[in-house]
Amino acid sequence: MNIAYWIVAGLLALFYFYAGAMKVIRSRDQLRPMMAWVDRMPLPVVRALGTVEILGATGLVLPPLTGIIASLAPAAAIGFVCLQIGAVAVHLTGDDRRITLNLALLATAAVTIWLATGL
């Protein structure tokens, strides 16, 4: 179970760290080709979302790695499930109906919650 957690959580953390960093660093014009929804959100909200993603990715990896407050790992994964539920809602309320990646991330975060309970 421990190896499975590190594989799944590691990949999830890498994805969210990259996506979060892009939201924090890049301009709206640079984000638009990847994320059609950025035009419907104020830029500070996009930046805050990126920051939350970076912190969540850190929460998946650091607590179990250091052994300090390891219960933060499932909390971070629960946060990602909630984040993806909101992302699906944002996509479906706009013109963008591409939610396959969001559903895959939601499922991966749910598996991470289950694996994290065995740490």
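The following exercises, with worked solutions, concern helix packing and the largest pocket in a predicted model.

**Exercise 1.** Determine how α4 and α5 are oriented relative to each other, and which residues form their contact.

*Solution.* Step 1: two packed helices are described by the angle between their axes and the distance between the axes. Step 2: for helix α4, residues 72–93, and helix α5, residues 100–116, the packing angle is about 165 degrees and the axes are 8 Å apart. Step 3: angles over 145 degrees count as roughly antiparallel; α4 and α5 are therefore roughly antiparallel to each other. Step 4: the crossing in which α4 passes α5 is left-handed. Step 5: on the α4 side, the contact includes Pro74, Ile78, Phe80, Val81, Ile85 and His91. On the α5 side, the residues met include Asn102, Leu103, Leu106, Thr112 and Ile113. Step 6: sorted by class, the contact of α4 with α5 contains 15 nonpolar and four polar residues, with no charged residues.

**Exercise 2.** Classify the packing of α1 against α3 and state the composition of the contact by class.

*Solution.* Step 1: α1 covers residues 2–25 and α3 covers residues 43–66. Step 2: their axes are 7 Å apart, at an angle of about 155 degrees. Step 3: α1 and α3 are therefore roughly antiparallel to each other. Step 4: α1 and α3 have a left-handed crossing. Step 5: the contact of α1 with α3 comprises 19 nonpolar, three polar and three charged residues.

**Exercise 3.** Establish the relative orientation of α1 and α4, and identify the residues in contact.

*Solution.* Step 1: the axes of α1 and α4 come within 12 Å, crossing at roughly 50 degrees. Step 2: α1 and α4 are therefore oblique to each other. Step 3: α1 passes α4 in a crossing that is left-handed. Step 4: α1 contributes Tyr5, Leu12 and Tyr16 to the contact, while α4 contributes Ala73, Phe80, Leu83 and Gln84. Step 5: by class, the contact of α1 with α4 has six nonpolar residues, one polar residue and no charged residues.

**Exercise 4.** Characterise the largest pocket by its volume, its lining and the helices that supply the lining.

*Solution.* Step 1: the volume of the largest pocket is about 600 Å³. Step 2: its lining consists of 27 residues, and those nearest the centre of the pocket are Lys23, Met35, Trp37, His91 and Asn102. Step 3: at least two lining residues are supplied by each of α1, α3, α4 and α5. Step 4: α4 provides the largest share of this lining, namely seven residues. Step 5: the class composition of the lining is 19 nonpolar, four polar and four charged residues. Step 6: His91 of α4 and Asn102 of α5, named in the contact of Exercise 1, are also among the residues nearest the centre of the largest pocket.

Technical notes:
Residues numbered from 1 in each chain as written. Predicted model: local features only at pLDDT ≥ 70, side-chain atom pairs only at ≥ 80, totals over all residues. Heavy atoms only, no water. Axes fitted to C-alpha atoms, helices over the stretch in contact; angles between N-to-C directions. Helix = DSSP H or I, 4+ residues; strand = E, 2+ residues; numbered from the N terminus. Parallel < 35°, antiparallel > 145°, perpendicular 65-115°, else oblique. Left-handed = near helix turned anticlockwise from the far one by under 90°. Contact = heavy atoms within 4.5 Å. Nonpolar A, V, L, I, M, F, W, Y, C, P; charged D, E, K, R; others polar. 1 Å grid on protein atoms, 1.4 Å probe; cavity = no way out; pocket = protein on both sides within 12 Å on 5 of 7 lines; lining within 4 Å. Points joined across faces, edges and corners; volume = space filled by probe spheres on them.
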